[in-house]
Amino acid sequence: MISILAGTNSFLLRQELRRRVDEFIKKYGDMGFERLDGDEASYERLQESVQSLPFLADKKMVVIERAGSNKQFAEKAADLLKELPETTDLIIVEGKLDKRMAYYKTLKKQPGYQEFNEMDENGLIRWLISAAREKGSALSSNDARYLLERAGPNQAKLANELEKLSIRAGEKISRNHITELTPQTPQSSIFDLLEAAFSGNKRRMLDLYHEQRVLKVEPQQIVAMLAWQLHILALVKVAGDRSSDAVAREAKLSPYVVKKTAAIARNISLAETRRLIAELLEVDRRLKSESVHADDVLQQYLLAVAS
C-alpha cells in the first residue's frame, strides 16, 4: 500500500502519520518499521528499502520524509512505486509540492494521496469545537473564536492550549477559563493593535501597546511584527480581486491571517500602505541610530496611524 501525506499543515499531517505508524507497530511490531530521510539517504538506500521484502516480520512499513529532495528518487518515482511488494506499506511525507513537476503528478495519481492544507478561520473554529468534544469538554463557537483570536492560528499551539483547558475546565470551557489559562500571543495582539489604530480607536491601541510591553515584548520586536503585518497588508492590496485563499497559497501564509488582514485592507489605499511602511522604516532607523525614547517614538507612529 502506498500513502502520500503532503501539504503545509504540518500539525494535521504529523497527527495522521503518528496514527498510522502507531497502528502498524501495534499490529506487527517495530521490527518491520523503517524511517528514512530523502535529504540524507542515497537513492540506492531508498530503492533497497522500498523494494526489499520484510526481514523477521510478516510486513514492513517504510516512511520516507522529503523523498522528493532526492533527485534520483523524484525522477524514478513512477517506475519505483510500481515495483512495491505487497508486503510493504510505503508512506511518503512531503511538504508543499511544486504542482508543475512530474514528481507531484506521479504522487497525485496514487489512490492513497492526502493533502493537508492550512485551515481558514471557520475551519479552525470547527476543529477546536470537535477537538474539545473528543476530550470530553464543550466549547461554544463564540468561545472557540475567542481562543483563536487570543492564541493565534497555529494548530499545534491551539492543541496544547486546548489540552490544558480541558483538564482544568472539565466539561465546559468558558471564556473566563480561556482568559485565565491562555496567554495572549504577541503576534495576535500586534494585529489587534494595528486594527485598533486603523479604526481610530486610540485608547484601545495604547492599551494593547502597554500589554505588549508588560509581556516583555521590546519595541524593536514590535517594529518587526508591525513590519510583518504591513507586509501582509501590502500583499493583500496588490492581489486585487484574488481570493484570500489564493493569496495565502501563493504567499505561503495562513488563510486565517490573510482573511483577517483583508478586513483592514478594505479601508486603506495602496498608497497609504506604502506610506505607512516607509514611515515604519524611518522609525526603525531612528531606534537603531539615534538616542531616542523607543516607546515614545513608536507610540507617536501608532497615534499618527490612528489619526
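Buried means under 20% relative accessible area. By that cut-off, the buried residues of helix H13 are Pro255, Tyr256, Val258, Lys260, Thr261, Ala262, Ile264 and Ala265. Eight of the 11 residues of H13 are therefore buried, and the helix is largely enclosed by the rest of the structure. The model is predicted.

The protein chain has 307 residues, and 48% of them count as buried. Its secondary structure comprises 15 helices and five strands. Along the principal axes, the C-alpha atoms fill a box of roughly 70 × 45 × 40 Å.

The largest nonpolar core holds 37 residues. Within this core, Leu226, Val283 and Tyr301 touch the most other members. Two or more residues each come from helix H9 (186-198), helix H10 (202-214), helix H11 (219-238), helix H12 (244-251), helix H13 (255-265), helix H14 (270-289) and helix H15 (294-306). H11 gives the largest share, eight residues. In soluble globular proteins, nonpolar side chains tend to be buried together.

Helix H13 also takes part in a salt bridge. Lys259 pairs with Asp245, and their closest N and O atoms are 3.9 Å apart. This pair links distant parts of the chain, with Lys259 in helix H13 and Asp245 in helix H12, 14 residues apart. Lys259 is partly exposed, at 31% relative accessibility. Asp245 is partly exposed as well, at 32%.

The whole structure contains 26 salt bridges. Two further pairs lie within single helices. In helix H2 (43-51), the side chains of Arg45 and Glu48 meet at 3.3 Å, N to O. These residues are three apart in H2, so about one helical turn separates them. Both ends of the bridge are partly exposed: Arg45 has a relative accessible area of 34%, and Glu48 has 44%.

The second pair is in helix H7 (residues 155-169), where Glu161 and Lys164 lie three residues apart, about one turn of the helix. Their side chains form a salt bridge at 2.9 Å, N to O. Here the partners fall into separate exposure classes. Glu161 has a relative accessible area of 8%, so it counts as buried. Lys164, at 30% relative accessibility, counts as partly exposed. Elsewhere, Glu16, Arg19, Arg20 and Glu23 are linked in a network of salt bridges.

Two surface patches were identified, one charged and one nonpolar. The positive patch gathers Lys96, Lys99, Lys108, Arg249 and Lys252. Lys108 belongs to helix H4 (residues 102-108). Its relative accessibility is 43%, so Lys108 counts as partly exposed.

The nonpolar patch is made by Met31, Phe55 and Leu56. It covers about 410 Å² of surface. Leu56 sits in the loop between helix H2 (43-51) and strand S3 (60-65). With a relative accessible area of 63%, Leu56 is exposed. The cut-off for this class is over 50%.

Two loop residues complete the description. Arg66 lies in the loop between S3 and helix H3 (71-82). Its phi is near 50°, a positive value in a residue other than glycine. Most residues other than glycine have a negative phi. Arg66 is partly exposed, at 32% relative accessibility.

Gly136 occupies the loop between helix H5 (121-134) and helix H6 (141-151). At 47% relative accessibility, Gly136 counts as partly exposed. Gly136 and Ser166 are 30 residues apart in sequence. In space, their C-alpha atoms are 7.4 Å apart.

Terms used:
Residues numbered from 1 in each chain as written. Predicted model: local features only at pLDDT ≥ 70, side-chain atom pairs only at ≥ 80, totals over all residues. Heavy atoms only, no water. Patch = residues over 30% accessible without salt bridge, like charges linked within 9 Å, V, L, I, M, F, W, Y side chains within 5 Å. Areas by Shrake-Rupley, 256 points an atom, 1.4 Å probe, with all protein chains shown as cover. Salt bridge = Lys/Arg side-chain N within 4 Å of Asp/Glu carboxyl O. Lys, Arg positive; Asp, Glu negative; His and termini not counted. Charge placed at Lys NZ, Arg CZ, Asp CG, Glu CD. Helix = DSSP H or I, 4+ residues; strand = E, 2+ residues; numbered from the N terminus. Buried < 20%, exposed > 50% of the residue type's maximum accessible area, 1.4 Å probe, protein only. Core = buried A, V, L, I, M, F, W, Y, C linked by side-chain atoms within 4.5 Å.
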